[in-house]
Amino acid sequence: MTTNADPAGRPAVRQLRLVVEAEDYEAALAFYRDVLGLPEEAAFTADGGARVAILDAGRATLEIANPAQKKMIDEVEVGRQVAPKLRVAFEVDDAEEATGRLVSAGASQVAPPTLTPWQSLNSRLDAPAGLHITLFQELTTQEEREHMDGFGTESRRRRPAGGGDERGTPATES
């Protein structure tokens with residue numbers, strides 16, 4: 001795995017912060033902070049009514065997917081193409097409960113919690129501030145998933161001549 005670190009060995013990037021403009025700031029803040037349960041880390045105001053709240057979403061990752069992967073995920077989770085280029089995913093302890101709670105608070109359910117081939121329970125919602133979101137509940141550990149076909153890391157993945165099968169499915173680690 002390639003890492004970029006400063007001379008002290010710390011990661012070059014310390015935090016991923018997704019900034020979302022919300023026309024209805026109060027409703028979006030209440031939904032994500034009070035209903036989804038993201039703790040408020042900080043809030044700032046400025047002249048002209050400018051406001052921002054920074055909500056703690058736990059560990060952040062940036063998931064880079066090619067168009068074929070995005071299409072496959074939509075098919076597995078929803079059964080059709082629905083996601084825009086940007087989709088925000090939140091790991092929760094109970095996907096069924098969290099989905100119901102968010103729908104009760106005004107999110108539109110796009111697809112109910114669905115068992116995926118990678119052993120997570122994923123639902124899709126259209127949520128405040130124009131976000132298309134996934135709620136996911138991991139049903140297996142990272143270590144268990146690493147032994148499943150198609151899992152690993154790109155930097156460690158070994159590919160046969162041609163890089164995978166005819167569908168573009170990458171070769172698995174040995």
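Leu36 touches Phe31, Phe90, Arg101, Leu102 and Leu135, leaving aside residues up to four places away in sequence. That is a handy way into this predicted model, since Leu36 also belongs to the largest nonpolar core, a set of 19 residues. Tyr32, Leu36, Phe90, Leu102, Ile133 and Leu135 have the most contacts inside that core. Helix 1 (25–35), strand 3, helix 3 (95–104), strand 5 and strand 6 each give two or more residues to the core. As a general background, nonpolar side chains in soluble globular proteins tend to be buried together.

Strand 6 deserves a closer look. Spanning residues 131–138, strand 6 has seven of its eight residues buried. Which strands pair with strand 6? Strand 3 (residues 88–91) pairs with strand 6 in the parallel sense over four bridges, and Ala89 has Thr134 as its bridge partner there. Strand 5 (residues 120–127) runs antiparallel to strand 6, joined by eight bridges, with Leu125 partnered by Ile133. Strands 5 and 6 also make a hairpin with three residues between them, and Ala129 in the turn has a positive phi of about 70 degrees.

Now for the charged side chains. Eight salt bridges turn up in a search of the whole structure, including these three:

| Salt bridge | Closest N to O distance |
|---|---|
| Asp34 and Arg33 | 2.7 Å |
| Glu40 and Arg33 | 2.9 Å |
| Arg124 and Asp74 | 2.8 Å |

The pair Arg124 and Asp74 links distant parts of the chain: Arg124 sits in strand 5 and Asp74 in helix 2 (residues 67–77), 50 residues apart. Are these two partners buried or exposed? Arg124 is buried because its relative accessible area is 0%, under the 20% cut-off. Asp74 likewise counts as buried, because its relative accessibility is 1%. Lys70, Asp74, Glu77 and Arg124 are linked in a network of salt bridges.

Arg33, which has salt bridges with Asp34 and Glu40, is partly exposed, with a relative accessible area of 28%. Glu40 is partly exposed too, at 39% relative accessibility.

Finally, the whole chain. The secondary structure comes to four helices and six strands, running α-β-β-α-β-α-β-β-β-α from the N terminus on. Of the 174 residues, 25% count as buried. Among contacts between residues at least 6 apart in sequence, 44% join residues at least 24 apart. The accessible surface of the protein chain is about 11800 Å², with 51% belonging to carbon and sulfur atoms.

Notes: Residues are numbered from 1 along each chain as its sequence is written. This is a predicted model: local features need pLDDT of at least 70, side-chain atom pairs count only at pLDDT 80 or more; totals for chains, interfaces and linings use all residues. Side-chain values use heavy atoms; hydrogens and water are left out. Buried means under 20% relative accessible area, exposed over 50%, partly exposed in between (1.4 Å probe, protein chains only). Two strands pair if DSSP finds at least two bridges between them. A nonpolar core is a set of buried Ala, Val, Leu, Ile, Met, Phe, Trp, Tyr and Cys residues joined through side-chain atoms within 4.5 Å. Contact means heavy atoms within 4.5 Å. Accessible areas come from the Shrake-Rupley method with a 1.4 Å probe; for residues, only the protein chains shown count as cover. A salt bridge is a side-chain nitrogen of Lys or Arg within 4 Å of a carboxyl oxygen of Asp or Glu.
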